[in-house]
Structures are given as C-alpha cells and as structure tokens.
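I opened this model with a notebook beside me and wrote down what I looked up, entry by entry. The entries follow the order in which I turned from one part to the next.

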Amino acid sequence: MTSAARLPRAFYAVDAVTLARRLMGRHLVRLDADGSRRVGRVVEVEAYLGVNDQASHAFGGRRSPRNEAMYARPGTGYVYFTYGMHHCMNVVCGEEGVPAAVLLRALEPVEGLDHMRDQRPRARRDTDLCNGPGKLCAALSIDRALNGLDLCDHPYLFLEPGTPIAASRLARRPRVGLGDAGAWKDKRFCWYIRGHPCVSRP
DNA sequence: CGGCCGATCAGCT
DNA sequence: GCTGATCGGCCGA
C-alpha cells in the first residue's frame with residue numbers, strides 16, 4: 001500500500017494529454033464489501049481529446065445516453081460496453097460540458113490478486129490479469145452500473161496517488177484499435193511504460 | 001509469436 | 001444491416 005488519499009477534483013481538471021501523463025503510475029482502487037482491496041497501477045492510457053478528435057465517441061459533438069458521462073465534470077468515470085461482451089473505463093477531464101477523457105488500457109496488479117484471478121479465470125499469468133481495457137474492467141468488476149460515477153467521492157472505486165514513473169520509462173505511440181479516424185488515428189496519444197510486462201502490447 | 005476468427009450487442013446510417 | 005477505444009481460442013511457423 002502506497003497512499004490512502006484519493007486524488008482531488010483539480011487533478012482531473014486539465015486537458016486529456018496532460019491527464020494521460022498524470023494518470024501513469026497512479027493506483028486504481030476497488031474496495032469490496034468485506035473491506036478488501038483490489039488495486040492496479042496504471043501502466044497504459046489513451047487520450048481522447050473531444051469534439052475535434054475523430055476517434056472520440058464525442059467527435060463532432062455527438063451526445064447520447066451512452067456517452068453522456070463524457071460531458072460531466074472532471075473526475076467522472078465513463079464506463080461503456082463494447083463488442084457485445086466487454087467494458088472499458090475512461091476518466092473524464094477538462095471542464096464540465098466539454099467532452100474529453102482518458103481510457104485506462106492496462107494496469108499492473110498490486111493488491112487483491114486472488115480476487116482478480118477469480119474474475120479472470122482464463123488469465124494464465126498475473127501479467128494477463130489487467131493488460132487490456134476489457135481485462136482490467138473484468139478484474140476489478142467494473143461495468144455499466146458504475147458509468148457516471150464520481151471518482152472524487154465514490155464509496156468503492158477511486159484513484160490514489162500511487163507511485164511515480166521515471167520519465168525515461170514513459171513511451172508513446174498511436175492509439176490502439178481505431179478504425180478510420182482520419183489524421184487523428186496516427187497521433188501518438190497512447191502512453192505506456194516501455195518494456196513493462198503488463199502493457200497490452202509490450 | 002503472429003494472424004485469423006467468432007462471440008455478442010449497442011449505436012449509428 | 002454493419003461496425004467497433006476487445007478478448008481468447010485455434011491455427012501454423
């Protein structure tokens with residue numbers, strides 16, 4: 001355990017590129033009914049910049065019940081269901097009413113690995129528990145019921161300061177899995193820890 | 001290890 | 001109807 005203080009609202013009230021860098025090394029904490037903790041250290045993220053970003057769910061100002069959380073205040077969690085079977089979690093940033101967010105793509109398991117393994121029975125190695133956006137949501141039992149949650153004031157899901165990451169270990173590359181996102185698909189808006197075994201594409 | 005493919009469904013055209 | 005901010009099984013090298 002590294003820290004008990006959850007990150008404040010101001011931490012999230014920045015643009016998506018800044019928040020992407022800031023989130024690296026932080027701890028995503030999931031408390032359970034019995035008080036036990038599942039904790040993962042953020043090792044890979046992607047920034048989605050907003051209405052001008054062709055890869056964003058809010059491109060062109062799109063707004064629907066599905067992505068409504070992107071328009072909420074910074075520190076809100078945007079959890080959506082995709083491919084008919086997976087959930088992905090974003091952290092909303094910037095200012096309220098302006099859709100921008102950072103997708104959590106991979107975590108390094110830190111605490112509660114037994115519980116994570118229960119939720120991810122197919123994972124052969126512990127490095128496979130949270131090495132993808134759908135996998136980390138499964139490992140931490142994050143689903144649509146949590147969409148729109150306030151990470152600054154939620155009883156069992158939030159972020160803690162965690163441990164910093166040396167700048168020399170930080171790398172960036174184009175985002176993963178985008179279809180035709182025009183010029184935006186090649187922008188290097190994915191950050192990850194170079195050589196880390198828990199990133200989705202080492 | 002890399003590529004292909006099926007699962008499964010919400011949102012969009 | 002089709003596609004997707006995915007995953008895991010199966011195939012071949």
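**Backbone at S141 and Y83**

I began with S141, which is partly exposed at a relative accessible area of 23%; I note at once that the model is a predicted one. S141 sits in the loop between α4 and β6 (157-160), and its phi is near 55°, a positive value in a residue other than glycine.

I then turned to Y83, where phi is also near 55° and again positive in a residue other than glycine. Y83 is placed in the loop between β3 and β4, and I entered Y83 as exposed because its relative accessible area is 71%, the cut-off for that word being over 50%.

**DNA strand B**

I next asked myself which residues surround DNA strand B. I found S64, R66, F81, Y83, G84, M85 and R144 around this strand, and I noted that sugar and phosphate make up 69% of the strand B atoms that come within 4 Å of the protein. By class, the surface near DNA strand B holds three nonpolar, two polar and two charged residues. Y83 came up again here, since a polar backbone atom of Y83 lies 2.5 Å from a base oxygen of DNA strand B.

**DNA strand C**

For DNA strand C I counted 20 surrounding residues, the closest being H86, N90, R120, G134 and K135. Of the strand C atoms within 4 Å of the protein, 54% belong to sugar or phosphate, with the rest belonging to bases. I recorded nine nonpolar, seven polar and four charged residues on the surface near this strand, and I noted that β4 (86-92), β5 (101-111) and α4 (133-139) each supply at least two residues of that surface.

I then looked up individual polar pairs at strand C. A polar side-chain atom of H57 is 3.1 Å from a base nitrogen of DNA strand C, and an N or O atom in the side chain of Y80 is likewise 3.1 Å from a base nitrogen of the strand. At K135 the partner is a phosphate oxygen of DNA strand C, which lies 3.1 Å from a polar backbone atom of K135.

**The largest pocket**

I moved on to the largest pocket, for which I wrote down a volume of about 700 Å³. Its lining comprises 33 residues, with Y80, T82, Y83, C88 and P133 lying nearest the centre. The elements that give two or more residues to this lining are β2 (37-48), β3 (77-82), β4, β5 and α4.

Which element gives the most to the lining of the largest pocket? I found that α4 does, with five residues. Sorted by class, the lining has 16 nonpolar, ten polar and seven charged residues.

**Salt bridges**

Before the pairs, I reminded myself that side chains of opposite charge can pair when their charged atoms come close. I counted 15 salt bridges in the model, and I followed up several of them.

D150 meets R9 in a salt bridge with an N to O distance of 2.9 Å. D150 lies in the loop between α4 and β6 while R9 lies in helix α1 (residues 9-12), so this pair ties together parts that are 141 residues apart in sequence. D150 also meets R73 in a salt bridge, at 3.1 Å from N to O. This second pair links distant parts of the chain as well, with R73 in the loop between β2 and β3, 77 residues from D150. I noted that D150 is buried, with a relative accessible area of 13%, whereas R9 is partly exposed at 27% and R73 is partly exposed at 39%.

Where in the chain do D114 and R117 lie? I located both in helix α3 (residues 113-119), three residues apart, which is about one turn of the helix. Their side chains meet in a salt bridge at 2.6 Å, N to O; D114 counts as exposed at 57% relative accessibility, and R117 as partly exposed at 33%.

My last entry concerns E44, E46, R105 and R173, which I found linked in a network of salt bridges.

Key
Residues are numbered from 1 along each chain as its sequence is written. Chains are lettered from A and ligands numbered from 1 in the order in which they are written. This is a predicted model: local features need pLDDT of at least 70, side-chain atom pairs count only at pLDDT 80 or more; totals for chains, interfaces and linings use all residues. Side-chain values use heavy atoms; hydrogens and water are left out. A residue is near a molecule or strand if one of its heavy atoms lies within 4 Å of it. A polar contact is a pair of N or O atoms within 3.5 Å; within protein, one must be able to donate a hydrogen and the other to accept it, and residues adjacent in sequence count only if both atoms are side-chain atoms. Ala, Val, Leu, Ile, Met, Phe, Trp, Tyr, Cys and Pro count as nonpolar, Asp, Glu, Lys and Arg as charged, and the others, Gly among them, as polar. On a 1 Å grid over the protein atoms alone, a cavity is a set of points where a 1.4 Å probe fits but cannot get out, and a pocket is an open set with protein on both sides within 12 Å along at least five of seven lines; lining residues have an atom within 4 Å of a point. Grid points are joined across faces, edges and corners, and a volume is the space filled by probe spheres set on the points. Buried means under 20% relative accessible area, exposed over 50%, partly exposed in between (1.4 Å probe, protein chains only). A salt bridge is a side-chain nitrogen of Lys or Arg within 4 Å of a carboxyl oxygen of Asp or Glu.
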